[in-house]
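Biologist: I have the fold open in my viewer and would like to go through its side-chain contacts with you. Shall we start with the charged pairs?

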Amino acid sequence: MIRHLVLFRLNEGVERDDARVVKGVEAFRALEGSIPEIHFWELGWNVSDRPIAYDFAINSAFDDADALRRYVEHPDHQAGVALWREFATWVIADYEF
């Protein structure tokens, strides 16, 4: 199994209730069940007030590296990424477990 973690940081001046952010969260929330390669899917807003914390996270799992690649290339995933590029930056970690 491959764990795919993504941590998002909203750009300066962008808030959670920004219409673009709401649309971006909805787009990623809708991926569960729509992309067959997704084995596990959860996402949510950070609850920590630590200054090093990111704002939003996606924790997902895929059967193998090929399944992760198909997910990354899927048009619905790419559409969500395009939305998030407008208002956030992110880091990822992919590892076997």
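Biologist: Which side chain does Arg-20 meet in a salt bridge?

Modeller: This is a predicted model, in which local features need pLDDT of at least 70 and side-chain atom pairs count only at pLDDT 80 or more, while totals for chains, interfaces and linings use all residues. Residues are numbered from 1 along each chain as its sequence is written, and side-chain values use heavy atoms, with hydrogens and water left out. A salt bridge is a side-chain nitrogen of Lys or Arg within 4 Å of a carboxyl oxygen of Asp or Glu. At 3.0 Å, N to O, the partner of Arg-20 is Asp-18.

Biologist: What is the relative accessible area of Asp-18?

Modeller: Buried means under 20% relative accessible area, exposed over 50%, and partly exposed in between (1.4 Å probe, protein chains only). On that scale Arg-20 is partly exposed at 34%. Asp-18 is also partly exposed, with a relative accessible area of 21%.

Biologist: How many residues apart are Arg-70 and Glu-37?

Modeller: Their side chains form a salt bridge at 3.0 Å, N to O. This pair links distant parts of the chain, with Arg-70 in helix α2 (residues 65–73) and Glu-37 in the loop between α1 (19–29) and β2 (38–45). Helices (H or I, at least four residues) and strands (E, at least two) are DSSP runs, numbered from the N terminus. The separation along the chain is 33 residues.

Biologist: Is Glu-37 buried or exposed?

Modeller: Its partner Arg-70 is partly exposed, because its relative accessible area is 37%. Glu-37 has a relative accessible area of 17%, so it counts as buried.

Biologist: What separates Arg-69 and Glu-73 in helix α2?

Modeller: These two side chains meet in a salt bridge at 3.2 Å, N to O, and Arg-69 is partly exposed at 38% relative accessibility. Because they are four residues apart in helix α2, the separation is about one helical turn.

Biologist: And how many salt bridges does the count come to?

Modeller: The pair of Arg-69 and Glu-73 is one of them. By the cut-off given above, the count comes to three.

Biologist: Now the rings, please. How is the pair of Phe-28 and Trp-84 classed?

Modeller: Rings of Phe, Tyr and Trp (its six-membered ring) pair if their centres lie within 6.5 Å; planes under 30 degrees apart count as stacked, over 60 as edge-to-face and the rest as tilted. By this rule there are ten aromatic pairs, and one of them, Phe-8 with Phe-56, is tilted at 5.9 Å centre to centre and 55 degrees between the planes. For Phe-28 and Trp-84 the centres are 5.8 Å apart and the planes at 15 degrees, so the pair is stacked.

Biologist: How many residues apart in sequence are the parts that Phe-28 and Trp-84 tie together?

Modeller: Both rings are buried, Phe-28 at 2% relative accessibility and Trp-84 at 0%. Phe-28 lies in helix α1 and Trp-84 in helix α3 (residues 75–85), so the pair ties together parts whose distance in sequence is 56 residues.

Biologist: Which residues do ring pairs link into a cluster?

Modeller: Phe-8, in strand β1, is buried with a relative accessible area of 2%. It belongs to the cluster, whose members are Phe-8, Phe-28, Trp-45, Phe-56, Trp-84, Phe-87 and Trp-90.

Biologist: Over which ring does the charged end of Arg-9 sit?

Modeller: A charge sits over a ring if NZ of Lys or CZ of Arg is within 6 Å of the ring centre and within 35 degrees of the ring normal. Arg-3 lies over the face of Phe-97, at 4.3 Å from the ring centre. For Arg-9 the distance to the ring centre is 3.9 Å, and the ring is that of Tyr-54.

Biologist: Last one, about the surface. What accessible area do Met-1, Tyr-95 and Phe-97 have together?

Modeller: A nonpolar patch joins Val, Leu, Ile, Met, Phe, Trp or Tyr side chains within 5 Å, from residues with over 30% relative accessible area and no salt bridge. Tyr-95 sits in strand β4 (residues 88–96) and is partly exposed at 39%. By the Shrake-Rupley method with a 1.4 Å probe, the accessible area of the three together is about 290 Å².

Definitions and conventions: Patch = residues over 30% accessible without salt bridge, like charges linked within 9 Å, V, L, I, M, F, W, Y side chains within 5 Å.
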